[in-house]
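Visitor: I'd like a close look at one part of this structure, the disulfides. Could you walk me through them and then show me what surrounds them?

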Amino acid sequence: MAPAEDAGGLFGWKNWTLPDKYTAVERDRTPRSPQSGAFDEKDLNGDNMSGKHSFLPTDQYNPVMHPQLTIADHLLRVWQPFLKNFFTDMGANISSSQGQMCGDFELRAMECIEYYGSKQGITACKDWYDDFIECQTGAKQKLRMRAMFKKRHFDNHLEYLQGKRTWSETYEAPPKYHAYVEPWYDEKYAHMEQAPI
């Protein structure tokens, strides 16, 4: 019989865990700097800009990675043209989300900013505009998906290999053979719906 200190198996492999740094989870949960995401209108390409050094397109909207992230950065990039003239006013409707999935979120956020003004609206309308940004980018949803994927596909599988989980706790059983029979099945007309043999 093996001594108690060897209860983890050879090299203690039954107590191993997969570090978060092997997946994108650690990068998602680590702030880049305490001032990351801070808005400075004089330094739009500075080190604190949320989009700088982004690995994925949604990294610039990660609130954990950029703790000082405000809606002012997004408003300046999306709603203010670099050069304002007659043609940018004519094409202003092109960047609108109206008639699309996020149209209601955009309308509520813009009405709030119009009511409070651009300076006060940055803090007063943050919730509305954050919902609009999340609808457009899905950044928080992708963070949740990556964390769940690591837990389900890496951590749970490793625990199964170590004997801490059973097969039924780790993997979902396949559907039963009759699971795909349509619920409106009618024997009277079934012969008409079946394919010829």
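**A close look at the disulfides**

Guide: Let's start with the whole chain, which exposes about 15,200 Å², with carbon and sulfur atoms supplying 58% of that area. Bear in mind that this is a predicted model. Of the chain's 197 residues, 23% count as buried. You'll find nine helices and zero strands here, so to speak an α-α-α-α-α-α-α-α-α run from the N terminus on. Take the contacts between residues at least 6 apart in sequence: 60% of them join residues at least 24 apart.

Now to the part you asked about. The structure holds two disulfides. As a reminder, a disulfide is a covalent bond between the sulfur atoms of two cysteines. Count the bonded cysteines along the chain and the pattern reads 1-4, 2-3.

Take the 1-4 link. Here Cys102 pairs with Cys135, and their sulfur atoms sit 2.1 Å apart. The torsion about this S-S bond is about -90°, so the disulfide of Cys102 and Cys135 is left-handed. Cys102 lies in the loop between helix H3 (86-90) and helix H4 (103-116), while Cys135 belongs to helix H6 (residues 126-137), so the bond ties together parts that are 33 residues apart in sequence. Both Cys102 and Cys135 are buried.

The other bond joins Cys112 to Cys125, with an S to S distance of 2.0 Å. The link of Cys112 and Cys125 is left-handed too, with -85° about the S-S bond. Cys112 is in helix H4, and Cys125 is in the loop between helix H5 (118-124) and H6, so that the pair links distant parts of the chain. In sequence Cys112 and Cys125 are 13 residues apart; in space, C-alpha to C-alpha, they are 5.9 Å apart.

Are the ends of this second bond buried or exposed? The cut-off for buried is under 20% relative accessible area. Cys112 has 11% relative accessibility, so Cys112 counts as buried. Cys125 comes out at 0%, so Cys125 counts as buried as well. As for the company Cys112 keeps, leaving aside residues up to four places away in sequence, Cys112 touches Ala124, Cys125 and Trp128.

Helix H6 deserves a stop of its own, since Cys135 lies in H6. H6 has 12 residues and reaches 16 Å from its first C-alpha to its last, close to the 16 Å expected at 1.5 Å a residue. Its buried residues are Tyr129, Phe132, Ile133, Glu134, Cys135 and Thr137. So Cys135 is on that list, along with aromatic neighbours such as Tyr129 and Phe132. Just after H6 comes Gly138, with a positive phi of about 65°.

For contrast, have a look at the surface. Leu10, Phe11 and Trp16 form a nonpolar patch there, with about 430 Å² of accessible area together. Trp16 lies in the segment before helix H1 (25-29). With a relative accessible area of 48%, Trp16 is partly exposed, whereas Cys125 at 0% is buried.

Conventions: Residues are numbered from 1 along each chain as its sequence is written. This is a predicted model: local features need pLDDT of at least 70, side-chain atom pairs count only at pLDDT 80 or more; totals for chains, interfaces and linings use all residues. Side-chain values use heavy atoms; hydrogens and water are left out. A disulfide is a pair of cysteine sulfur atoms within 2.5 Å. Helices (H or I, at least four residues) and strands (E, at least two) are DSSP runs, numbered from the N terminus. Buried means under 20% relative accessible area, exposed over 50%, partly exposed in between (1.4 Å probe, protein chains only). Contact means heavy atoms within 4.5 Å. Patches are made of residues with over 30% relative accessible area and no salt bridge: like charges are joined within 9 Å, nonpolar side chains (Val, Leu, Ile, Met, Phe, Trp, Tyr) within 5 Å. Accessible areas come from the Shrake-Rupley method with a 1.4 Å probe; for residues, only the protein chains shown count as cover. A salt bridge is a side-chain nitrogen of Lys or Arg within 4 Å of a carboxyl oxygen of Asp or Glu. The expected span of a helix is 1.5 Å times one less than its number of residues.
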